[in-house]
Amino acid sequence: MTMSTSIHGMWSSRFAFILAASGSAVGLGNIWRFPYTAGEYGGGAFVLVYLLCVAAIGIPIMMAEVMLGRRGRQSPINTMRTLAQAQQSPVFWQLVGWLGILSGFLILSFYSVVGGWTLAYTLYSGLGSFSGIDAEGSAQVFSALTNNPWQLLLWHSVFMVMIAGVVARGVASGLEQAVRFLMPALFVLLLAMVAYAATEPRAFVQGLDYMFRPDFAEFQGRAGEAILSAMGQAFFSLSLGMGAIMMYGSYLSSQASITQNVVIIAGMDTLVALLSGLAIFPIVLATGLEPGSGPGLIFQTLPIAFGQMPGGQLFAVVFFVLLLVAAWTSAISLLEPLTAWLVENRDWSRPVAAITGAVLIWLLGIACLLSLNVWSDVTLFGKGFFDLFDYLTSNVLLPVGGVLIAIFSGWVLSRHISVAELIGRDTLGYRIWRFLIRYISPLCVTIVFLNAIGLI
Ligand code: TRP
C-alpha cells in the first residue's frame, strides 16, 4: 500500500525535483562554509577527504533519503514510523525524524544569521562601500557588522521572514519558480569570478596548489578532527542526515530515476563548492590573509576582488543577490520537515505551522548572533552558540542521522523494496549501493567518530 502522491503537493516534473534538491544542497555551505573549513585545515588534504566522503558516503545516503521519502510520502518522522511499522520494526526509527527536526532547528538558527550577512552585503555593494577596498578595510566592514547586535538582528529577522513566507505558501509551488533561473545564474557568476581570479596566473596557480595538492602534514597533528570536519562538511553541503532531502523525495514522482538525479545533484553541489574555493583562495593567498580565519573568510575576501575589478559594484550586487537566493532555497528545506510534521500531526494550517517554526528558530538565532558580540564570553565546550551549533550539527548530528538512515535502508528495509525503488532490477550498480550503505557508511562514520574523540 504505497502512496503515489503526498498531501503536501508534488513536483511538477523530475526537473523540478533536481532544481529544488540542488537548491537545498547548494547554499552557504558551498560558498561560505566550504572555503573557511578547508582553510582551517590547510587545504588540499581536507579537500581530498571531502571529495571521498561525498562519493563513498554522501551519494549512497542521498539515494537512501530520496528513496525513503518517496516510499513514505510524509514528513520524515511519519515516513520513518510508517516504513518501520511495515517492516515490523520498532518505531524507534522515527527518532531519525526527531533528530532531523533538532538538527534543522539548530542549523537554521545560525544559517539565518549568515543569510542576514548576505543581505547586509547586498546593501553595502549597492552603496559602493567596496570600491578600492583593501584587506584591512574589508575586515573592518565585516567586524563592524558582526559587532553590532542590532544590525545583525535586523538582517536575521528579514531573512527569517523571507523563509517563512515561502514555506507558508507551500514549497512545491513557491520554490520552483525561484530556482529555475537564479541557480544557473549563480553558477555563471561563479565561473566569471574564477575567470577573474585566473587573470593573475601566479596567485591562481597558488590557489590551485593550495586546494588540490594534498599534503597530510597540513593536518598538523589533528588529523582526526580534520577528517571529521571534512566528513561533516560533506553531510552539510549535500543537505544530508536531517530529512530535508527525504522530504523533497516525498514529492517526487514514482517514475523518476533516483540514482541519476542524485548523481546530478551531488555533482553540481560539489562543483559549486570547488569553484567557490577557486574564486576565493587566490585572493586569500595573494593578500596574505589567513585561510583559517573562520566564518568571515568570504565576506572579507570577495569584496577586495569586487573593489578592484571593472564594473565591480554591479557585479558585487548581483553576486550577493544570487548568494542570497542560494541561501534562501537551502534555508527553506531546513524548515520544511518541521512544517510538514506540524501539518500532519497537529492538523495546523501550513501558514500557522511555518510561522510558528520560524518564530522559535528566530529566537534561537538571537542567541547565535549575540554570541558574536555581547555574549562572546558565554561558552559551552569552549565555543559560543554560533560556533557550537555550527560544529555540533555538521560534525555530530548530521552524521549520526545519516548513519541511522543508512542502517535502516541497508539492514531493515527489505531488499525487494530498495531494488524496486532504486533501479527495478538487481544489477551490479544496486549491489555497489547496497554494499556502501550497509558496510561502508556506518563503518566509516563510526571510525571517524572514534578517531576524533581519541579512542582509536
Ligand atoms: N546544504 C545547504 C548548504 O550547503 C544547507 C542545508 C540545507 C542543509 N538543508 C540542509 C544542511 C539539511 C544539512 C541538512 O548551504
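**Helix α18, the ligand site and the Ser138–Thr301 contact**

Helix α18 covers residues 428-452, a run of 25 residues. At 1.5 Å a residue, α18 should span 36 Å, and its end C-alpha atoms lie 34 Å apart, so the two values agree. The structure is a predicted model. Helix α18 also bends, by about 40 degrees, and the bend falls at Leu436. Beyond the helix comes Gly454. The phi angle of Gly454 is positive, near 85 degrees.

Leu436 also counts among the buried residues of α18. Before Leu436, the buried set holds Tyr430, Trp433 and Arg434. After Leu436 come Ile437, Arg438, Ser441, Pro442, Val445 and Val448. An α-helix has 3.6 residues a turn, so residues three or four places apart point the same way. Several other helices help to cover the buried residues of α18. Among them are α3 (44-72) and α10 (223-237). The cover also includes α16 (385-412) and α17 (415-422).

The ligand is surrounded by 17 residues. The closest are Ala25, Gly29, Tyr111, Phe236 and Ser239. Polar contacts to the ligand involve both backbone and side-chain atoms of the protein. At Ser24, a backbone N or O atom sits 3.2 Å from a nitrogen atom of the ligand. At Leu28, a polar backbone atom is 3.1 Å from a ligand oxygen atom. Asn30 contributes through its side chain, where an N or O atom is 3.3 Å from an oxygen atom of the ligand. On its own, the ligand has 360 Å² of accessible area, and the protein covers 100% of it.

A further contact joins two buried residues, Ser138 and Thr301. Ser138 belongs to helix α6 (residues 135-146). Its relative accessible area is 1%, and Ser138 is therefore buried, the cut-off being under 20%. With neighbours within four places in sequence set aside, Ser138 contacts Tyr121 and Ile133. Ser138 also contacts Phe299, Gln300, Thr301, Pro303 and Ile304.

Thr301 is part of helix α13 (residues 297-308). The relative accessibility of Thr301 is 0%, so this residue too counts as buried. Residues up to four places away in sequence are again not counted in its contacts. On that basis, Thr301 touches Ser138, Ile280, Ile283, Val284 and Leu289.

Key: Residues numbered from 1 in each chain as written. Predicted model: local features only at pLDDT ≥ 70, side-chain atom pairs only at ≥ 80, totals over all residues. Heavy atoms only, no water. Helix = DSSP H or I, 4+ residues; strand = E, 2+ residues; numbered from the N terminus. Expected span 1.5 Å × (residues − 1). Bend = angle between axes of the 7 residues up to and from the residue. Buried < 20%, exposed > 50% of the residue type's maximum accessible area, 1.4 Å probe, protein only. Contact = heavy atoms within 4.5 Å. Near = heavy atom within 4 Å. Polar contact = N/O pair within 3.5 Å; in protein donor to acceptor, adjacent residues only side chain to side chain. Areas by Shrake-Rupley, 256 points an atom, 1.4 Å probe, with all protein chains shown as cover.
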